[in-house]
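This report goes through the helices, the nonpolar cores, the aromatic pairs and the salt bridges of one chain. The sequence and structure come first.

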Amino acid sequence: MQLGTWGFVAALLWECVSECTYKHIENSYTCETAQDVRDELLRNWKKPTFSKVYTQLEKEFVRMMDEGIIEKPTAEWKELGRIDAKSLPTKSFLKDYEVAGVPVVINGLLDVVTGGHGQNWDREYWLNECGHAGVLPHDYKRGSNEWASHTPRVEIPFREFVERSEEEKWYIINFSLALRCPHVLKEFKVPKYFVADIFQKAPDAEARFIKDSWPCLNVGPSGTRTGLHTDSFGTHFWMTLLFGEKEWYLFDQSEAPLLQRPDGSELFRDIEVWDLEEAYNDFPLVRLLKGSKTVLMEGETIFVPSMVIHAVRNRKPNFALSSNYISRSNIDVCADMIAKHEENKGISKYKLSTALRVIASKKPAKTYRDRHLLWHEFKGWQNENEIISPYMKKIYRTRCPNRPVDDQTIVDKGYPWACRFDREYLGIDDADEL
């Protein structure tokens, strides 16, 4: 009697988990609904046999559609939520979006980020202020193994990039203003939702090229795109669109089994999420996707939490400011990914991943998340006129031994253009290092 009861319970539990039955002799699955296929696929994610399971479920899914057992489903989309900054307290942002891992569009931050100059930070402003700075254009190469399917080209001055980008369909996503055009950050502010960046408390010697890489200027001519990806090291991401329009497609990490290659490489499939008809033929299970999408408009800010998979297409020419950060809500993911990177690089001394964990474990003596911070406040500098760290100034001078660089040149030109004539002497590949 007892065994019969437990058998009934076990059968009931299995029914709740999945309506797919695996036939060992035939080495195949039999499922009842499209949702059953999806549930079984997600249940097997990260298991050693996932690649085999994926193939078997794909065959069963195609059979069910071909035989008319199920109607052919299509990906389910919902519009990404929007909220006004005036009605979004910091605590609510943390609870409902950052910690919950929910992306959102926030209105009302343009004047905060630009210090009230949002309408004036147009194309001509950036050409006048940063036209001399070096940038690394990218091409979108569909199916590439590069991050976000972007293939870097050769570094050129920003002015040349802007002049040629529409014709060449180049895109820049990593134009570091802090390193390449720092003087424009004088009135830049970090919105209060994003100021608790643990990177900023990490030792300079370990984190200098990470903590000083952001914010970035992103420039996307119409039609350019960024393929499926998650942000580096599992960081949170935010972007304020100065002008133009950008289409965003976002997926929770639970959708990874439908988007990533099943070979354990963590690379994404060759899927154009803005036009899934082709993908439906190549990867039938993509029909089971569930995601969010939106068009980011001028003046809006988008927040993308750690490990949210996303892709972007530029509907109209646009300029945007963006940044990444680590907080206590994503420290474990970030530290693990950085530790893996350090292991691959053979870093055995004092590690950034260790430093970040130690910082995150300490209770903050003071939090600034109740207000927006000017750049020097965000960086923790005492001098309100400081826009570039003393440590980085030291680095600049070290990298330019035959051409001493004064503070104003560094502020006006940034690195590496303040000492670009010494590159050959120094043997530095700036694009790779930064």
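## Helix α3

In α3, the buried residues are Phe50, Val53, Tyr54, Gln56, Leu57, Glu60, Phe61, Met64 and Met65. The model is a predicted one. An α-helix has 3.6 residues a turn, so residues three or four places apart point the same way. Among the elements that cover the buried residues of α3 are β1 (21-23), β2 (28-30), α2 (34-43) and α10 (256-259).

Helix α3 runs over residues 50-66, which makes 17 residues. At 1.5 Å a residue its span should be 24 Å, and the end C-alpha atoms do lie 24 Å apart, so the two values agree. After α3 comes Gly68, with a positive phi near 75 degrees.

## Helix α6 and the nonpolar cores

In soluble globular proteins, nonpolar side chains tend to be buried together. The largest nonpolar core here has 46 residues, of which Ile106, Trp126, Phe158 and Phe175 touch the most other members. Helix α6 (residues 123-130) gives the most to this core, contributing 4 residues. Tyr125, Trp126, Leu127 and Cys130 are buried in α6. The cover over the buried residues of α6 includes two helices, α7 (158-168) and α8 (177-180). Strands β10 (172-176), β12 (216-220), β14 and β17 are also included in that cover.

What does Trp126 contact, leaving aside its neighbours within four places in sequence? The partners are Trp121, Gly131, Phe158, Leu177, Val184, Leu217, Leu242, Phe319 and Leu321. Phe158, one of these partners, is also among the residues that touch the most other members of the largest core. A second core, separate from the largest, has 35 residues, including Val37, Phe251, Ile271 and Ala311.

## Aromatic pairs

The aromatic pairs number 25. In one of them, Trp77 and Phe251 have ring centres 5.5 Å apart and planes at 55 degrees, and the pair is tilted. Trp77 belongs to strand β3 (residues 76-79) and Phe251 to strand β14 (residues 236-251), so the pair links distant parts of the chain, 174 residues apart. The two residues are covered to differing extents: Trp77 is partly exposed at 27% relative accessibility, whereas Phe251 is buried at 1%.

Why does the pair of Phe243 and Phe319 count as stacked? The ring centres lie 4.9 Å apart and the planes of Phe243 and Phe319 meet at 25 degrees, and planes under 30 degrees apart count as stacked. Phe243 is in strand β14 and Phe319 in strand β17 (residues 309-325), so this pair ties together parts 76 residues apart in sequence. With a relative accessibility of 21%, Phe243 is partly exposed, because buried means under 20%. Phe319 is buried, at 5%.

Phe93, Tyr97, Tyr193, Phe194, Trp238, Phe303 and Tyr325 come together as one aromatic cluster.

## Salt bridges

The count of salt bridges comes to 19. One of them joins Glu67 to Arg63, with the closest N and O atoms 2.8 Å apart. Glu67 is exposed, at 52% relative accessibility, because the cut-off for exposed is over 50%. Its partner Arg63 has a relative accessible area of 28% and is partly exposed.

Glu166 and Lys169 form another salt bridge, at 3.4 Å from N to O. Both partners are partly exposed, Glu166 with a relative accessible area of 35% and Lys169 with 37%.

Which parts of the chain does the pair of Asp332 and Arg357 link? Asp332 lies in helix α12 (residues 331-345) and Arg357 in helix α13 (residues 352-361), 25 residues apart. Their closest N and O atoms are 3.6 Å apart in this salt bridge. Asp332 is exposed, with a relative accessible area of 51%, while Arg357 is partly exposed, with 34%. Elsewhere, Glu245, Glu247, Arg313, Arg315 and Lys316 are joined into one network by salt bridges that share partners.

Terms used
Residues numbered from 1 in each chain as written. Predicted model: local features only at pLDDT ≥ 70, side-chain atom pairs only at ≥ 80, totals over all residues. Heavy atoms only, no water. Salt bridge = Lys/Arg side-chain N within 4 Å of Asp/Glu carboxyl O. Buried < 20%, exposed > 50% of the residue type's maximum accessible area, 1.4 Å probe, protein only. Phe/Tyr/Trp six-rings, centres within 6.5 Å; stacked < 30°, edge-to-face > 60°. Core = buried A, V, L, I, M, F, W, Y, C linked by side-chain atoms within 4.5 Å. Contact = heavy atoms within 4.5 Å. Expected span 1.5 Å × (residues − 1).
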